[in-house]
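User: Hey, I've got a protein model open and I'm a bit lost. Can we go through it together?
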Amino acid sequence: MTPLWNANLVETRDSFVTHLECAMTGERVPADRLHNLSPAGFPLLVRYDLAGAARRLTREALAARPQDIWRYREILPVRRGEDIVSLGEGRTPLIALEAGPNLLVKDEARLPTGSFKARGIALAVSMAKALGVTRLAMPTNGNAGAALSAYAARAGIEAIAFCPADTPETNIREMSAQGARVYRVNGLIDECGRIVGEGAREGRWFDLSTLKEPYRIEGKKTMGLELAEQLGWALPDVVFYPTGGGTGLIGMWKAFGEMEAMGLIGSQRPRMVAVQAAGCAPIVKAFDERAEHAARWEDAATRAAGIRVPRAIGDFLILRAVRESGGFAMAVAEEALLEDTARCAREEGLLLCPEGGATLAAWREAVARGLVGRDERAVLFNCASGLKYELPDRSEPLDKAGRIDLASL
Ligand SMILES: Cc1ncc(COP(=O)(O)O)c(C=O)c1O
């Protein structure tokens, strides 16, 4: 079903994809094939003929295109328009917060299925469709599974999601509503991932786990492309990113490099700040210890479900991007992230998800500690809608039959 009104989907636009490359060894593998990890067991990154793409994907060409993720098709891996599975992945707004003079939230809640997972899953499911996959499975903390179920339903592909039993309920029900089979596992996301991996090895389904599949990150990188374009082709001073598997942070870093190679931006980069919750901060620990990889975080616990990721296969890519950017990794206390989530909703009318609240708490702490200037242009990523999480009830009962003292209400 091709929407006729969106030129990004119906016009012939060549993808300049050339091959994929192991992020650790540089080994090349062919494009247009199904892939999980590289032969050496690390994430694969998609590479493009950026000089060729640059001739088509100019600032002027972009300015004339509809504002969705498919405007960047020259540097996305889907070749044929008919393979695109889309639910309307529009550009997300940058919203100024009063909490700081130059503080912006990139509000990813506005995407289909209420989270930025739509970006990555739209690409991954489109590629799965192009390459003939009929059944997809993934471990999920909720938002990715919600996106998977929607895009798989649209593509006519079977979807199976394995999530920790205490995953936010709205996401679990959304997955079922959108036709996926959902299993509540009495374990954390990496333990769900083990089950998915075992089934994939037996040939029961294709493993769509983040970074164990190379195309999700290509969707996530559109956050970086969009950010540059929205800010007039200038990047902010600092980006606060709620980091679980790190796909978005790695993807944006990749996007910045590709944009520079294409002459769309210069060499200025934001400092990338990987934000985690104190109850699950493997990347922060590895950053502080100057390690290349992160050890598994035992007994991971936080209400910010999307960043409750005890182990990330792309740990070294997150750490590299953070270090190269001159940024840092920071853990915020659970009370601080919940308080900032509540305060932002109450005072600014923006209902962040707890992961987004963590970035606001991290910004405050970074300013207080002198790591970031209060006036610096900072972008916080709110990666999902606060409506997907259980909200505290602060209502009071009112008896319609009793005497209501209106003055006291
Ligand atoms: C709301 C939210 N924020 C942040 C993240 C972490 O994203 P990433 O895997 O890119 O680190 C997730 C992932 O599930 C999420 O759902």
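Analyst: Sure! One term to begin with: two residues are in contact if their C-beta atoms, placed from the backbone, lie within 7 Å. Also keep in mind that this is a predicted model.

User: Okay, so which residues is Leu34 in contact with, leaving aside its neighbours within four places in sequence?
Analyst: Leu131, Val133 and Phe206. Leu34 and Phe206 are 172 residues apart along the chain, yet their C-alpha atoms are separated by 9.0 Å.

User: Where does Leu34 lie?
Analyst: Look in the loop between strand S2 (28–30) and S3.

User: And is Leu34 buried or exposed?
Analyst: In between: Leu34 counts as partly exposed, because it has 14 C-beta neighbours inside 10 Å. A buried residue would need 20 or more, and an exposed one 12 or fewer.

User: What else is in that loop between S2 and S3?
Analyst: Asp32 lies there too. Asp32 has 13 other C-beta atoms within 10 Å, so it is partly exposed. Its phi is near 60°, which is a positive value in a residue other than glycine.

User: Why point out the sign of phi?
Analyst: Because most residues other than glycine have a negative phi.

User: Got another one with a positive phi?
Analyst: Yep, Asp299, with phi near 55°. Asp299 is found in the loop between helix H11 (282–288) and H12. With 8 other C-beta atoms within 10 Å, Asp299 is exposed.

User: Let's switch to helices. How do H10 and H12 pack?
Analyst: Helix H10 (residues 247–261) meets helix H12 (residues 315–324) at an angle of about 55°, and their axes are 9 Å apart. That angle makes H10 oblique to H12. H10 passes H12 in a left-handed crossing.

User: Which residues make the contact?
Analyst: On H10 they are Leu249, Ile250 and Trp253, and on H12 they are Leu317, Ile318 and Ala321. Sorted by class, the contact of H10 with H12 has six nonpolar residues, no polar and no charged ones.

User: What about Tyr241, where is its place?
Analyst: Tyr241 sits in strand S10 (residues 238–242). It has 31 other C-beta atoms within 10 Å, so Tyr241 is buried.

User: What does Tyr241 touch, not counting residues up to four places away in sequence?
Analyst: Gly248, Leu249, Met272, Val273, Ala274, Val275 and Phe381. You've met Leu249 already, as one of the H10 residues in the contact with H12.

User: How far apart are Tyr241 and Leu360?
Analyst: They are 119 residues apart in sequence, but 9.9 Å apart in space, C-alpha to C-alpha.

User: Zooming out, what does the domain assignment give for the chain?
Analyst: Domain 1 (7–83), domain 2 (94–114 + 218–388) and domain 3 (117–207). The centres of domain 1 and domain 2, taken over C-alpha atoms, are separated by 24 Å.

User: How many residues does the contact take from domain 1 and from domain 2?
Analyst: It takes 16 residues from domain 1 and 15 residues from domain 2. On the domain 1 side, strand S3 (44–48), helix H2 (50–56) and helix H3 (59–63) each supply at least two residues.

User: How do the residues on that side of domain 1 divide by class?
Analyst: The side of domain 1 that touches domain 2 has 15 nonpolar residues, no polar ones and one charged.

Note on methods: Residues numbered from 1 in each chain as written. Predicted model: local features only at pLDDT ≥ 70, side-chain atom pairs only at ≥ 80, totals over all residues. Axes fitted to C-alpha atoms, helices over the stretch in contact; angles between N-to-C directions. Helix = DSSP H or I, 4+ residues; strand = E, 2+ residues; numbered from the N terminus. Parallel < 35°, antiparallel > 145°, perpendicular 65-115°, else oblique. Left-handed = near helix turned anticlockwise from the far one by under 90°. Nonpolar A, V, L, I, M, F, W, Y, C, P; charged D, E, K, R; others polar. Domains from an automatic or database assignment.
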